[in-house]
Amino acid sequence: MRKIICFCLLLCVSVFNTYGQIENTTSSIKAPIFNDTLLLHHIKTLSSDAFEGRRTGTPGALKAANYIIKEFTDNAILPLGKSLEQPFTFTHEDTTYNGVNILGYVKGTTYPQKYVVISAHYDHEGIKNGQIYNGADDDASGVSALFSFVEYFKNNPPKHSVILAAFDAEELGMEGSKYYVNNSIIPLKQIVVNLNMDMISRSDKNELFAVGTVFNKTLEQIISNHEYSTTISLLKGHDQGNWNENWTYASDHVSFHRRGIPFLYFGVDDHADYHQPTDDYENIHPEFYIEAVKVIMSVFNKVDNSLQLSNN
Ligand SMILES: [Zn+2]
């Protein structure tokens, strides 16, 4: 969804951590955290031509939804509602679409009534002029990272309950997340934070942004005060300023932001293949991607251990 070229760096967090392990001072984390090969397998599959660019309402999107449902079900992820699917209908530019969010649930061990929503959108641009827009970075990368979280939670159950949200229709105006917050299965006031991942698999500069810290002091400190990686930089920024620098409105996190729910949005700068048919698996940066997912998990872990957030 992003249409932004400019960027501003507010702070560079330099990081020193053992590769492959989450740095954490308040709980013990077992390594390996997740299987990198599986992560790459999922992004490669979801961005293959067989999924036809995953346009909302098309057979390709249905195939992607079924892939996510199978992955959640095979790994014993419970549905947030009566089923994993939250169907919805909306109109965009005089066309009516049927979308479906996929919502999984992991019960928290300490704060089961408080929820962290970890999200990514599975839809993309589909087929235009005979060309398939595979959307590897945008956003098969975020959806595949959801599966790594599924794997991680098997051995590291979260303290807060977690909603694993694969939203539909982001590319058509964040319709899936908009529907979700308007029809939330649990009261919105029980959602502590939204961690949204959209475009996390490539960066020429090895930079991952954490957007949204300007709105929440606890999240700002979680990003600023810790060292997350030796190989990539986690940067604050892109959450204020003029429209072309500001990614607050750029993806599904905005639906939570508009309801006053704190968010962190993880994403990279726009690149040459952004919203092009060349946003393919071959153009992602596997090492960056694997490390980015580790960093995001590490941030999740800080959030999950934050008393300030859970007490709000
Ligand atoms: Zn996107």
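# Worked exercises on a predicted model

Setting aside residues within four places in sequence, Y265 has contacts with N196, D198, V211, G212, W247, S251 and H253, where contact means that the C-beta atoms, placed from the backbone, lie within 7 Å. Residue numbers start from 1 along each chain as its sequence is written. This is a predicted model, in which local features need pLDDT of at least 70, side-chain atom pairs count only at pLDDT 80 or more, and totals for chains, interfaces and linings use all residues.

**Exercise 1. Place Y265 in the fold and decide whether Y265 is buried or exposed.**

Step 1: find the element. Y265 sits in strand β12, residues 263–267. Strands here are DSSP runs of E with at least two residues, helices are runs of H or I with at least four, and both are numbered from the N terminus.

Step 2: count neighbours. Y265 counts as buried because 26 C-beta neighbours fall inside 10 Å. The cut-offs: buried takes 20 or more other C-beta atoms within 10 Å of the residue's own, exposed takes 12 or fewer, and partly exposed is in between.

Step 3: pick one partner from the opening list. W247 is 18 residues from Y265 in sequence, and their C-alpha atoms are 8.5 Å apart.

**Exercise 2. Work out how far to trust the chain, and where to be careful.**

Step 1: start with the average. The protein chain has a mean pLDDT of 90, and 89% of its residues score at least 70. That score is the predictor's confidence in each residue, from 0 to 100.

Step 2: look for the weak stretch. Over residues 3–31 pLDDT stays under 50, and the model has 67 contacts beyond four places in sequence for this stretch. Where pLDDT is low, predicted coordinates shouldn't be read in detail.

Step 3: get the overall picture. The chain has eight helices and 12 strands, and 52% of its 312 residues count as buried. Among contacts with a separation of 6 or more, 82% join residues 24 or more positions apart.

**Exercise 3. Describe how α3 packs against α7, and then against α1.**

Step 1: take the α3 and α7 geometry. Helix α3 (residues 136–155) and helix α7 (residues 286–304) pack at about 55 degrees with axes 11 Å apart. Axes are lines fitted to C-alpha atoms, for helices over the stretch in contact, and angles between N-to-C directions run from 0 to 180 degrees.

Step 2: name the arrangement. α3 and α7 are therefore oblique to each other; under 35 degrees would be roughly parallel, over 145 roughly antiparallel, 65 to 115 roughly perpendicular, and the rest is oblique.

Step 3: list who meets whom. From α3 come S141, A145, S148, F149 and Y152, and from α7 come Y289, V293, I296 and M297. By class that gives seven nonpolar, two polar and no charged residues. Nonpolar covers Ala, Val, Leu, Ile, Met, Phe, Trp, Tyr, Cys and Pro; charged covers Asp, Glu, Lys and Arg; the others, Gly among them, are polar.

Step 4: repeat for α1 (residues 36–46). The axes of α1 and α3 come within 8 Å and cross at roughly 140 degrees, so this pair is oblique too. L39, H42, I43 and L46 of α1 meet A136, A140, S141, V143, S144, F147 and S148 of α3. This contact divides into seven nonpolar, four polar and no charged residues.

**Exercise 4. Check α3 for its backbone oddity and its glycine.**

Step 1: check omega. The peptide bond from D138 to D139 is cis, with omega near 0 degrees, and D139 lies in α3. Most peptide bonds are trans.

Step 2: turn to G142, also in α3. G142 counts as buried because 30 C-beta neighbours lie inside 10 Å. Leaving out residues up to four places away, G142 touches A120, H121, M197, D198 and I200.

Step 3: measure across to Y289. G142 and Y289 are 147 residues apart along the chain, with 9.9 Å between their C-alpha atoms.

**Exercise 5. Find where D94 and N129 lie, and sort them as buried or exposed.**

Step 1: D94. Phi of D94 is positive, near 70 degrees, and D94 sits in the loop between β3 (85–92) and β4 (95–106). With 5 C-beta neighbours inside 10 Å, D94 counts as exposed.

Step 2: N129. Phi of N129 is near 50 degrees, again positive, in the loop between β6 (126–128) and β7 (131–133). N129 counts as exposed, with 5 C-beta neighbours inside 10 Å.

Technical notes: Two residues are in contact if their C-beta atoms, placed from the backbone, lie within 7 Å.
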